[in-house]
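Okay, thanks for coming, everyone. Let me put the structure up and then talk you through it.

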Amino acid sequence: MDLSALDTPVATVDLDAVERNIARLQGYCDEHALAFRPHIKTHKLPAIAHLQVRAGAVGITCQKLGEAEVMQAAGIRDILLTFPLLGPGKAERFAALAREGELSVAADSAVVARGLSRALAGSGSEAGFLVECDTGFARTGVQTPQEAAELAELVAALPGLRFDGLMTYPTLPGTGPALRAAIDEIRARGLEVGTVSAGGTPTLFTNHEVPEVTEVRAGTYLYGDRACIANGSVPLADCALRVRATVVSRPTADRGILDCGSKALTSDPVEPSGSGHGLIVEYPDAIVYALSEEHGHVDFGSCDERPEVGEVVTLVPNHACGCTNLYDDVAVHRGGRLVGFWPVAARGKVR
């Protein structure tokens with residue numbers, strides 16, 4: 001079946017572009033002797049996670065336990081969770097995963113470490129722990145080398161936990177010095193730092209410039225999106241995730257309405273401000289200026305040609321990760337010929 005036969009709105013994934021993106025980043029990591037641990041929050045598909053591992057990834061990264069449970073059930077054995085896991089319910093789920101495969105977690109507090117330790121020790125399992133360091137992004141992460149060392153010491157002494165190293169996001173200009181200071185402080189206390197995990201798609205190809213980094217994480221690189229086009233990490237030709245939508249109304253000469261609104265396209269903004277909610281490939285000068293639940297509002301005023309009612313257009317979303325989570329399945333294709341519908345198995349796994 002050709003993609004043109006599919007009803008809209010539909011999320012499509014170009015498997016050829018996916019494979020190019022996997023090969024490009026894995027090749028970069030191999031060239032610079034960096035371990036690669038892709039983030040599956042972008043695609044949420046076990047089949048693609050297996051493609052990444054077969055290409056050379058050491059394992060995968062998940063943001064939420066629900067994602068990790070789906071991936072482990074699908075046969076992925078080495079998983080890093082990079083979100084703070086708080087509460088006995090999450091700790092027990094984490095310990096259950098650790099009994100079945102190689103599991104590690106990143107966090108920035110003793111509260112998380114002690115809670116996980118109790119659950120792991122009670123189940124007779126072990127997991128790795130990376131101390132998360134804030135190296136300039138101002139999100140989660142310990143704030144000083146001393147805090148990093150103190151948490152590392154605590155983790156090393158807790159049953160069920162194994163101190164494995166450090167984690168940060170993203171790799172920024174100040175990341176190297178901040179990590180070096182933390183490593184030196186930790187080693188001064190008699191501990192080794194085996195892994196230093198960093199990354200992020202916008203800074204993909206600069207990680208080798210930070211000698212402290214041993215492992216790279218990235219997610220959006222796989223699909224690409226308008227943000228990737230803007231920051232230069234993925235070109236339009238390799239943006240694998242696209243949404244096909246139909247022009248369902250042309251109320252005025254300049255305005256069109258698509259059958260994809262906030263329930264089919266992410267509402268995340270992208271630079272420059274005011275550039276809309278997605279790139280219409282066939283009409284690149286058009287602006288998707290607003291999203292209702294089911295309606296995409298488009299200004300075609302700057303376009304030399306304009307679509308007719310019933311025309312199908314293709315959109316590159318602003319943010320692939322948010323868009324993926326809106327669909328039960330994606331239409332996977334090669335060269336426009338349908339390979340099949342792949343269920344987005346980890347969709348909605350936010351706990």
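I'll go through the core, then the pockets, then the salt bridges.

One thing up front: this is a predicted model.

So, the core. The largest nonpolar core has 93 residues, and the ones touching the most other members are F94, Y223 and I280. If you look for which element gives the largest share of that core, it's helix α1, residues 15–31, with seven residues. In general, nonpolar side chains in soluble globular proteins tend to be buried together. Let me zoom in on I280. Skipping residues up to four places away in sequence, I280 touches L258, A286, V288, V298, F300, V313, T314 and L315. There's also a second core, separate from that one, with five residues, and among them are C228, V234, C239 and V316.

While we're on buried things, have a look at T12. T12 sits in strand β1, which runs over residues 10–14. Its relative accessibility is 4%, so T12 counts as buried, the cut-off being under 20%. And what is T12 in contact with, once we leave aside neighbours within four places in sequence? The list is L3, A240, L241, R242, R244, A331 and H333.

Okay, pockets. The largest pocket holds about 740 Å³ of space. There are 34 residues lining the largest pocket, and K41, Y169, P202, T220 and H319 are the ones nearest its centre. Helix α8, residues 226–231, gives the largest share of that lining, four residues. By type, the lining of the largest pocket splits into 14 nonpolar, 13 polar and seven charged.

The second largest pocket comes in at about 190 Å³. Its lining is K41, K44, Q63, K64, E67, H319, C321, G322, N325, K349 and V350. Here the split is two nonpolar, four polar and five charged. You'll have spotted K41 and H319 in that lining, and K41 and H319 are also listed near the centre of the largest pocket.

Last topic, salt bridges. Side chains of opposite charge can pair when their charged atoms come close. How many salt bridges does the structure hold? There are 19, and I'll show you three.

Start with E215 and R37, where the closest N and O atoms are 3.2 Å apart. E215 is in strand β9 (215–217) and R37 is in the loop between β2 (35–36) and α2 (46–54), so this pair ties together parts that are 178 residues apart in sequence. Buried or exposed, then, for E215? E215 is buried, at 6% relative accessible area, and R37 counts as buried too, at 7%.

Next up, R180 and D184, with N to O at 3.1 Å. Both are in helix α7, residues 175–187, and they're four residues apart, about one turn of the helix. R180 is partly exposed at 31%, and D184 is partly exposed at 40%.

Then there's D328 with R347, closest N and O atoms 2.4 Å apart. This pair links distant parts of the chain, 19 residues apart: D328 is in the loop between α9 (320–324) and β16 (329–334), while R347 is in the segment after β17 (337–343). D328 counts as exposed, at 56%, whereas R347 is partly exposed, at 31%. And one more thing to click on: E102, E126, R162 and D164 are joined into one network by salt bridges that share partners.

That's my tour, over to you.

Note on methods:
Residues are numbered from 1 along each chain as its sequence is written. This is a predicted model: local features need pLDDT of at least 70, side-chain atom pairs count only at pLDDT 80 or more; totals for chains, interfaces and linings use all residues. Side-chain values use heavy atoms; hydrogens and water are left out. Helices (H or I, at least four residues) and strands (E, at least two) are DSSP runs, numbered from the N terminus. Buried means under 20% relative accessible area, exposed over 50%, partly exposed in between (1.4 Å probe, protein chains only). Contact means heavy atoms within 4.5 Å. A nonpolar core is a set of buried Ala, Val, Leu, Ile, Met, Phe, Trp, Tyr and Cys residues joined through side-chain atoms within 4.5 Å. On a 1 Å grid over the protein atoms alone, a cavity is a set of points where a 1.4 Å probe fits but cannot get out, and a pocket is an open set with protein on both sides within 12 Å along at least five of seven lines; lining residues have an atom within 4 Å of a point. Grid points are joined across faces, edges and corners, and a volume is the space filled by probe spheres set on the points. Ala, Val, Leu, Ile, Met, Phe, Trp, Tyr, Cys and Pro count as nonpolar, Asp, Glu, Lys and Arg as charged, and the others, Gly among them, as polar. A salt bridge is a side-chain nitrogen of Lys or Arg within 4 Å of a carboxyl oxygen of Asp or Glu.
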